[in-house]
Amino acid sequence: MPHPAESRIEGFYRLDPLERRARVRDFAHLDDATTAALAGGQLGLAKADKMIENVVGSYELPLGVATNFRINGRDHLVPMVVEEPSIVAGASYAARMARESGGFVASHTAPIMIGQIQLIAVADATSAMANIHAHRMQIIESANAQSQSMVARGGGVRDVECHHYADSPMGPMLIVHLLVDCRDAMGANAVNSMCETVAPLLESLSGGQAMLRILSNLTDQRLATAKVRIAPTSLQRDGIAGADVIERILWAHAFAVVDPHRATTHNKGIMNGIDPVIVATGNDWRAIEAGAHAWAARSGRYTSLSHWYRDEQGFLCGELTMPLAVGIVGGATRVHPTAQAALQVLNVAHAGELAEICVCAGLASNLAAMRALATEGIQRGHMALHARQIAMAAGALGDDVAVIAQKMIDMQSIKPATATALLQQIHVLAS
Ligand code: MEV
């Protein structure tokens with residue numbers, strides 16, 4: 001059901017966390033239990049103990065909500081779990097600029113994962129590949145029998161491919177790919193089980209020996225795309241005309257296109273938008289990171305994940321296509337109460353829609369970083385938040401945090417010693 005509410009919430013950042021949570025509840029029509037789950041602290045030791053091994057506790061991170069996102073004409077508040085200041089603000093700011101031109105346009109491919117089975121000691125690779133191809137349907141049926149629930153949901157193995165490596169450090173190998181439509185699941189467990197199930201059949205069809213049987217995190221058939229078009233007027237600031245900001249942003253992008261050292265940081269800025277949504281929804285951020293960077297190097301040279309250009313009307317246009325294997329069923333998405341709540345805030349109909357939101361958050365973060373870097377630099381915005389963290393670390397509470405942070409900025413001395421001295425002054429004045 002589409003949310004009727006708007007994700008542009010004037011002054012959201014000025015509210016306190018309780019008030020913000022109430023606005024999110026109203027936006028997404030959450031019940032009390034789900035709203036409470038957003039507050040955190042609900043995983044509990046018993047559940048945590050079943051998720052991983054050797055549990056001694058759980059670990060908290062801030063959960064923020066990025067505002068202003070409009071994607072394919074629909075508004076979203078985007079939950080983000082992250083430790084770094086400026087990310088939620090940057091994504092919200094860029095989403096606001098995007099919104100002024102209609103927001104993001106996003107799409108996704110079918111959720112196809114690749115399972116790999118490594119076959120060694122294959123005497124005749126050409127006839128093994130022909131035999132595997134001839135028994136394609138038998139392989140598909142055997143794999144699908146292993147994951148009937150995925151098949152019942154409309155997914156399952158779509159195809160079988162062979163890749164022959166005539167040489168490797170250990171000798172030749174034949175790699176069989178199962179192309180699996182995972183529907184709303186990320187699919188790691190199902191794909192790995194399928195690979196293990198069909199391995200003996202592949203051994204007999206190839207005459208070889210199966211070694212590794214595991215999914216690939218380079219999910220280059222499970223992609224999501226975001227596009228955005230920003231008016232120069234939305235970008236102008238501090239005496240710099242919008243057209244000039246665009247020119248500077250295009251130089252920033254060009255730097256990332258040609259230079260792998262810059263591309264790595266540029267892409268980190270994209271992942272700043274994506275990983276927090278992945279974590280908030282209980283998805284596997286290591287898988288997403290691995291896939292993203294492998295995709296960025298697919299030409300043989302590591303480069304920018306995003307593409308930016310100026311169109312004939314002088315608007316800044318951005319595009320980001322990348323692998324995004326996310327699920328909305330199974331795994332931690334089901335177990336973790338706050339992940340469940342985050343998914344309810346997003347109110348997505350299927351996993352592809354979650355992938356679309358993630359890729360838009362990535363493009364937004366990329367735009368926010370490039371705009372800041374290409375104009376006043378990244379530190380001014382960072383320093384304000386950094387100053388608050390230093391003030392809190394020195395023991396400031398409540399309104400004192402903002403007061404001390406601002407004083408440190410004015411003094412151009414954002415240091416623990418300055419924060420401690422200012423806090424002492426406040427205490428002396430109050431006593
Ligand atoms: C910091 O977390 C991310 C940036 O370094 C990204 C970039 O340089 O584009 C600001």
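User: Which residues does H177 touch, not counting residues up to four places away in sequence?
Analyst: In this predicted model, the place of H177 is in strand 6, residues 173-181. With residues up to four places away in sequence left out, the residues that H177 touches are I114, G115, Q116, D159, V160, E161 and H163.

User: With which side chains does the side chain of H177 make a polar contact?
Analyst: Q116 and H163 are both among the residues that H177 touches. The side chain of H177 makes a polar contact with the side chain of H163 at 3.4 Å. A polar contact also joins the side chain of H177 to that of Q116, at 2.9 Å. The partners are therefore to be named from these pairs, given that a polar contact is a pair of N or O atoms within 3.5 Å: Q116 and H163.

User: Does H177 count as buried or exposed?
Analyst: Buried means under 20% relative accessible area. The relative accessibility of H177 is 11%, so this residue counts as buried.

User: Which residues are around the ligand?
Analyst: Helix 11 (260-280) and helix 15 (351-374) each supply at least two residues of the shell around the ligand. The full set around the ligand is E84, R262, T265, H266, K268, G269, N272, A369, L373 and I378.

User: Which helix gives the most to the shell around the ligand?
Analyst: Two helices, 11 and 15, each supply at least two residues of that shell. The contribution with the most residues is 6, and it comes from helix 11.

User: What percentage of the ligand's exposed area does the protein bury?
Analyst: Polar side-chain atoms lie beside oxygen atoms of the ligand: one of E84 at 2.6 Å, and one of N272 at 2.8 Å. An N or O atom in the side chain of K268 is also 2.6 Å from an oxygen atom of the ligand. Taken alone, the ligand exposes 300 Å², and the share of this that the protein buries is 86%.

User: What is the phi of A121, and where does A121 lie?
Analyst: Most residues other than glycine have a negative phi. A121 is not a glycine, yet its phi is positive. A121 counts as exposed, at 58% relative accessibility. The residue lies in the loop between strand 4 (112-120) and helix 5 (125-134), and its phi is about 55°.

User: Is N347 buried, partly exposed or exposed?
Analyst: N347 lies in the loop between helix 14 (337-346) and helix 15. This residue, which is not a glycine, has a positive phi near 50°. Partly exposed covers relative accessible areas between the limits of under 20% for buried and over 50% for exposed. The relative accessible area of N347 is 24%, so N347 is partly exposed.

User: What percentage of the residues of the protein count as buried?
Analyst: The protein has 18 helices and 10 strands. Its accessible surface comes to about 20,700 Å², with 55% belonging to carbon and sulfur atoms. Of its 431 residues, the share that count as buried is 49%.

User: Among contacts between residues at least 6 apart in sequence, what percentage join residues at least 24 apart?
Analyst: The C-alpha atoms of the protein fill a box of roughly 85 × 55 × 45 Å along the principal axes. Within the protein, the share of such contacts that join residues at least 24 apart is 72%.

User: How many Å apart are the mean positions of the positive and negative charges of the protein?
Analyst: The protein has 34 positive and 40 negative charges. The distance between their mean positions is 5 Å.

Conventions. Residues are numbered from 1 along each chain as its sequence is written. This is a predicted model: local features need pLDDT of at least 70, side-chain atom pairs count only at pLDDT 80 or more; totals for chains, interfaces and linings use all residues. Side-chain values use heavy atoms; hydrogens and water are left out. Helices (H or I, at least four residues) and strands (E, at least two) are DSSP runs, numbered from the N terminus. Buried means under 20% relative accessible area, exposed over 50%, partly exposed in between (1.4 Å probe, protein chains only). Contact means heavy atoms within 4.5 Å. Accessible areas come from the Shrake-Rupley method with a 1.4 Å probe; for residues, only the protein chains shown count as cover. Lys and Arg count as positive and Asp and Glu as negative; His and the chain ends are not counted. The place of a charge is taken as NZ of Lys, CZ of Arg, CG of Asp or CD of Glu. A residue is near a molecule or strand if one of its heavy atoms lies within 4 Å of it. A polar contact is a pair of N or O atoms within 3.5 Å; within protein, one must be able to donate a hydrogen and the other to accept it, and residues adjacent in sequence count only if both atoms are side-chain atoms.
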